[in-house]
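Here is a report on one protein chain. It moves from single residues to strand pairing, cores and overall dimensions.

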Amino acid sequence: MSGVTNVEEIFGKNVFTLGKMKERLPKDVYKEVKKVMDQGGELSMAAANVVAKAMKDWACENGATHYTHWFQPLTGITAEKHDAFVSHPDETGKMITEFSGKELIKGEPDASSFPSGGLRATFEARGYTAWDITSPAFLKEASTGVILCIPTAFCSYTGEALDKKTPLLRSMEAVSKQALRIVRLFGNTTATKVTASVGPEQEYFLVDEKLYKKRSDLMFAGRTLFGAPAPKGQEMEDHYFGVIRERVGAYMKDLNEELWKLGVTAKTQHNEVAPAQHELAPIYETANIAVDHNQLVMETMKRVAVQHGLRCLLHEKPYAGVNGSGKHDNWSITTDDGMNLLEPGDTPNENIQFLLVLACIMKAVDKHADLLRQSASDVGNDHRLGANEAPPAIISMFLGEQLEDVVKQLVETGNAASCKEGGKLETGVSTLPDLDKDATDRNRTSPFAFTGNKFEFRMVGSADSIAGPNTTLNAIVAEAFCEAADRLEKAEDFETAVHDLIKEYMTEHQRIIFNGNGYSDEWVVEAEKRGLPNIKSMIEAASTLTSDKAVALFEKFGIYTKAELESREEIIYETYAKTINIEALTMIDMAGKQIIPAVVKYTKTLADTANAIKAAGGDASVQTELLADVSTKLAAMQKALNKLVADEKEASAMEDVKAQAFFYKDTIKATMDELRKPADELEMIVDKDVWPIPTYGELMFEV
């Protein structure tokens with residue numbers, strides 16, 4: 001056993017926290033920083049210079065040699081360019097370290113080499129990073145040394161957002177402003193802002209690095225493009241919450257320590273459903289910090305895995321036939337004087353403010369179900385959504401028996417006179433206590449589920465940034481709050497008006513509520529009857545961003561301009577096409593250079609063996625039958641390979657990015673499936689010593 005970890009001692013060790021600022025900054029500067037963080041505005045250059053020096057001194061004391069503006073471009077991952085704290089040596093030749101307020105506040109990375117969806121031409125290189133004062137700077141310890149990372153937004157020379165943080169921050173301000181209008185209606189005069197808080201649960205797979213390096217599909221595509229089922233998968237349900245293996249446990253321990261040093265509140269760890277699948281969950285944080293931290297979680301998972309001879313797979317579906325990975329985005333909104341607007345209390349039927357908030361969210365999710373679906377779209381998630389492991393692609397809300405009953409009463413009678421209570425759960429064992437039982441069960445098949453005092457958006461993909469989903473959530477709820485406040489602020493009789501509005505919203509949008517089995521075929525039929533959208537793929541969801549409804553929403557609250565939305569739609573098509581292109585080329589390479597040559601050699605061995613047995617007068621029927629079976633599947637594989645090569649050539653020549661993306665979806669993916677089928681069948685009958693790549697059994701069980 002290694003030494004004991006003192007969590008309190010190491011937590012936040014590598015973060016320039018408010019506590020460290022308070023210790024190192026003059027009182028007036030600290031006060032100015034805190035005011036800007038809480039109320040907005042710009043830091044004076046004089047104060048920025050003082051903060052920059054204190055930040056640099058702290059970083060250098062902890063071994064830092066460089067700093068970087070750490071930002072989140074539209075690639076979905078983070079970006080950084082390192083600059084040393086060095087300046088010109090003085091006249092004696094002594095090196096002087098410097099870091100100014102100007103360098104802290106603004107950087108100038110190249111904006112032309114990141115996805116921009118047409119917002120930037122290749123020759124238009126200038127872009128700016130701007131310090132996000134609300135997200136603390138931190139130290140990253142890696143092979144490059146210790147780097148001071150400053151979370152920043154990223155925009156073009158002409159002002160468009162080229163990142164995921166800027167729209168998120170805009171959406172947070174929008175939902176805060178509109179939510180304040182709601183709480184003011186109920187007499188709250190002390191709150192000054194309402195904060196969206198998020199707790200993202202992160203699922204992932206681990207695989208042995210030696211095996212990983214023998215699979216070019218894992219290296220290039222992040223998922224297996226070939227692979228027959230292992231004799232055992234997840235059917236015994238023995239991995240979920242099972243005892244954590246020693247090697248994995250050692251990885252989790254180091255991962256936790258690295259995250260705690262970065263101020264990430266890693267709290268829960270356990271085995272997930274599929275073999276070699278695991279989960280990490282943090283405590284709630286302000287939305288933009290939660291987004292930053294989730295990016296760090298994914299990056300740190302990958303880095304620490306290598307140190308343990310492992311690789312971390314964040315793809316939503318690295319293996320066919322077993323559960324894929326998602327990211328449950330737990331979302332709530334809370335006033336700065338401590339009121340969670342999603343807390344129903346003991347008698348939610350009497351909590352009028354909560355019922356109004358709930359009604360507004362019902363309206364938001366129903367009206368913008370297509371946008372919410374789009375926000376959880378990425379290429380890998382297309383393999384996962386709708387399977388018996390993740391929510392379906394149809395957006396619905398789960399409220400539970402208690403709230404569903406309250407809504408039903410309000411819709412049918414206009415009054416909710418009662419609500420169901422939890423009661424006691426009797427264990428039937430004298431030495432065990434009776435347990436307080438919640439008023440409702442949970443529903444793991446629901447994409448948007450109320451879970452006590454928050455909503456759990458379960459559709460988000462494991463590799464995806466949570467910035468997009470939370471930007472959309474904040475935006476659609478801000479709109480619903482705004483429309484409700486516009487009416488209620490003008491009402492002569494507030495009590496009657498709010499009662500009528502709650503009933504109206506719940507009646508008009510009750511179709512979005514579904515508490516049943518989201519995996520069932522019956523729900524697909526029922527959802528269609530209700531008129532709920534069923535958007536099955538990433539690129540089919542892309543156009544929802546530029547609908548008149550979406551443009552009006554996002555422009556009203558200054559979250560996206562129409563040009564920014566159009567750029568993101570184009571990036572979706574580009575990303576999809578490029579991703580499937582890489583997968584197709586990888587399949588072509590693996591099939592042509594590894595699998596087919598190996599099987600050809602195996603057929604020669606079979607033929608030689610059969611001939612030798614026949615020459616000796618023996619019965620070669622088994623060898624002959626096997627040879628015929630292998631040869632038939634080999635021919636089918638070669639035919640599919642030839643077709644994929646031809647289809648890929650046609651796809652690559654297409655210039656219309658949207659048409660190209662749909663060609664990859666409708667044609668290339670189907671041909672890839674045609675190629676995989678005989679290959680996986682061959683894996684089941686070809687000599688294991690001949691098969692050129694590690695199998696599912698090895699990948700999932702040799703960790």
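## A buried histidine

His509 counts as buried, at 10% relative accessibility. The model is a predicted one, and every value below is computed from it. His509 belongs to helix H15, which covers residues 494-509. Setting aside residues up to four places away in sequence, His509 touches Met362, Lys363 and Asp366.

Met506 is also worth a look. Leaving aside neighbours within four places in sequence, Met506 is in contact with Leu355, Leu358, Ala359, Met362, Val407, Leu410 and Val411. Met362 thus appears in the contact list of His509 and in that of Met506.

## Nonpolar cores

In soluble globular proteins, nonpolar side chains tend to be buried together. Here the largest nonpolar core has 125 residues. Which of them touch the most other members? They are Phe226, Ile361 and Met506. Helix H19 (residues 562-615) gives this core its largest share, 16 residues. A second core is separate and holds 42 residues, including Val248, Ala274, Leu280 and Val297.

## Strand E7 and its partners

Strand E7 spans residues 194-208, and 15 of its 15 residues are buried, so the strand is largely enclosed by the rest of the structure. The table lists pairings of E7, each with one bridged residue pair.

| Partner of E7 | Sense | Bridges | Residue in E7 | Residue opposite |
|---|---|---|---|---|
| E12 (residues 327-335) | antiparallel | nine | Gly199 | Asn330 |
| E9 (residues 277-282) | antiparallel | four | Gln202 | Leu280 |
| E11 (residues 310-313) | antiparallel | four | Asp208 | Leu310 |
| E10 (residues 285-286) | antiparallel | two | Val198 | Glu285 |

Leu280 links two parts of this picture. Leu280 stands opposite Gln202 in the pairing of E7 with E9. Leu280 is also a member of the second nonpolar core.

E9 has another partner. Strand E8 (residues 266-271) pairs with E9 in the antiparallel sense, over five bridges. Within that pairing, Thr268 stands opposite Ala281. E8 and E9 form a hairpin with five residues between the strands. In this hairpin, Ala276 takes a positive phi near 70°.

## Cysteines

A disulfide is a covalent bond between the sulfur atoms of two cysteines. How many disulfides does the model contain? The count comes to zero. Cys149 is in no disulfide: the nearest cysteine sulfur belongs to Cys60 and is 14 Å away. The cut-off is 2.5 Å between sulfur atoms. Cys482 is likewise in no disulfide, with the sulfur of Cys360 the nearest at 10 Å.

Are these two cysteines buried or exposed? Cys149 is buried, with a relative accessible area of 0%. Cys482 counts as buried at 6% relative accessibility.

## An exposed loop residue

Val243 sits in the loop between helix H8 (216-221) and helix H9 (246-261). Is Val243 buried or exposed? Val243 counts as exposed, at 77% relative accessibility. Val243 and Ser537 lie 294 residues apart in sequence. In space, their C-alpha atoms are 36 Å apart.

## The chain as a whole

The protein chain has 22 helices and 17 strands. What is its radius of gyration? The value is 28 Å, close to the 27 Å that the globule rule gives for 703 residues, so the chain is as compact as a globular protein of that length. Taken along the principal axes, the C-alpha atoms fill a box of roughly 100 × 85 × 65 Å.

Of the 703 residues, 54% count as buried. The accessible surface comes to about 30800 Å². Carbon and sulfur atoms hold 52% of that surface.

How much of the contact set joins residues 24 or more positions apart? Among contacts with a separation of 6 or more, such pairs account for 74%.

Terms used. Residues are numbered from 1 along each chain as its sequence is written. This is a predicted model: local features need pLDDT of at least 70, side-chain atom pairs count only at pLDDT 80 or more; totals for chains, interfaces and linings use all residues. Side-chain values use heavy atoms; hydrogens and water are left out. Two strands pair if DSSP finds at least two bridges between them. Buried means under 20% relative accessible area, exposed over 50%, partly exposed in between (1.4 Å probe, protein chains only). Contact means heavy atoms within 4.5 Å. The radius of gyration is taken over C-alpha atoms; the globule rule is 2.2 Å times the number of residues to the power 0.38. Accessible areas come from the Shrake-Rupley method with a 1.4 Å probe; for residues, only the protein chains shown count as cover. A nonpolar core is a set of buried Ala, Val, Leu, Ile, Met, Phe, Trp, Tyr and Cys residues joined through side-chain atoms within 4.5 Å.
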